[in-house]
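Here are three short exercises to work through with the viewer open. Try each task before you read its solution.

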Amino acid sequence: MKKIAYLGPKGTFTEVAAKAVFPNDEFISFPSIPDCMDSVSIGDVDFAVVPIENAIEGSVNLTLDYLIHNQKLMINGEITVPIEQQLLVHENQLENWTKIEKVYSHPQAIAQSHQFLRSYLPNAEFEYTNSTGSAAQHVANHPDERIAAIGNSLAAEQYGLTIAQSEIHDYENNHTRFVILKKDNICLTEQSPLFNGDKTTLMVTLPADYPGALHHVLSAFAWRKLNLSKIESRPMKTGLGNYFFVIDVAMKMDEVLIPGVIAELEALKCQVTLLGSYPCFSLAKKNNEVKV
Ligand SMILES: O=C(O)C(=O)C[C@]1(C(=O)O)C=C[C@@H](O)C=C1
């Protein structure tokens, strides 16, 4: 049985993601994304599952930055999960939920529900937590405070909270991508009904700021007809204007095309690091009934 680290406590979206990929393994919750990544790096667990991108809010920068600057882990898989945010209260507060004074949740969950909060709870303060699960746990532990959490319906069940308003995220088609991290790049099995194609992720650092540098990088992919599913720039943290690029290619590492891209970019004096070549899984809405 494998040990899987996830952003906890129980009732987070990350737990849903982790249990969809590893239905029969052992789960260990950690209070933060860096804690999950440290635990897999020191070998306490076999894999860590952490969020990396949300359809409404964009990248989870903490994950990306920690992966690049702190723990050099490999992406071994990806799972996309539909995200439905609910406003959770203790039953004592249900009748007066519009008088809630403070809303607790993960910054991504609050940002995904911004318009709802402006319309229905315009005077409420926000209190950011490490996860939606820890927000729900806090609300459950303070039944007489005028507070609410934003989280999923599993957290409501887990902590005995009531859904005061359901599906409060501002846009439909809210999904989050989670990555499955390990020190090396072993192949997770693709034999799953959730399998949805392969990806390879590269980190590319340009040699210097010169006209057309990014164009040269992209053309190495373009003339080989490689489909990019994402390109993201993040600061190198070495000074203003210094960025690296994280590029997702919609195919598995092969013996010709991707090695050809890497060789071409290196000839352009780019630094290229393979962050992983891996299967992607997707949890369709109707399958989102994962027991946690
Ligand atoms: O707090 C949780 O439940 C998480 O799993 C984290 C997280 C995130 O970091 O994006 C995951 C999915 C949702 O987008 C909101 C929060």
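The exercises below concern a predicted model.

**Exercise 1.** Find out which residues are closest to the ligand and where the ligand lies with respect to domain 1 and domain 2.

*Solution.* Start with the shell, where 15 residues surround the ligand; Thr12, Thr14, Gln108, Ser131 and Thr132 are the closest. Next, look at the elements that each give two or more residues: helix H1 (13–21), strand S3 (47–54), helix H4 (107–112) and helix H6 (132–141). Then sort the shell by class, which gives nine polar, six nonpolar and no charged residues. Finally, bring in the domains: both domain 1 (1–83 + 173–185) and domain 2 (86–165) give residues to this shell, so the ligand lies between them.

**Exercise 2.** Decide whether H6 is largely enclosed or not, and name what covers its buried residues.

*Solution.* First list the buried residues of H6: Thr132, Gly133, Ser134, Ala135, Ala136, Gln137 and Val139. That is seven of the ten residues in H6, so the rest of the structure largely encloses this helix. Now look for the cover over those buried residues, which includes H1, H4, strand S6 (86–89), strand S7 (102–105), strand S9 (147–151) and helix H7 (153–159).

**Exercise 3.** Place Ala222: which helix holds Ala222, and is Ala222 buried or exposed?

*Solution.* Ala222 belongs to helix H8 (residues 213–222). Count its C-beta neighbours inside 10 Å: there are 12, and a residue with 12 or fewer is exposed, so Ala222 counts as exposed. As a last step, compare sequence and space: Val261 is 39 residues from Ala222 along the chain, while their C-alpha atoms are 9.8 Å apart.

How values were computed
Residues are numbered from 1 along each chain as its sequence is written. This is a predicted model: local features need pLDDT of at least 70, side-chain atom pairs count only at pLDDT 80 or more; totals for chains, interfaces and linings use all residues. A residue is near a molecule or strand if its C-beta atom, placed from the backbone, lies within 6 Å of it. Helices (H or I, at least four residues) and strands (E, at least two) are DSSP runs, numbered from the N terminus. Ala, Val, Leu, Ile, Met, Phe, Trp, Tyr, Cys and Pro count as nonpolar, Asp, Glu, Lys and Arg as charged, and the others, Gly among them, as polar. Domain bounds come from an automatic or database domain assignment. A residue is buried if 20 or more other C-beta atoms lie within 10 Å of its own, exposed if 12 or fewer, and partly exposed in between; C-beta atoms are placed from the backbone. Two residues are in contact if their C-beta atoms, placed from the backbone, lie within 7 Å.
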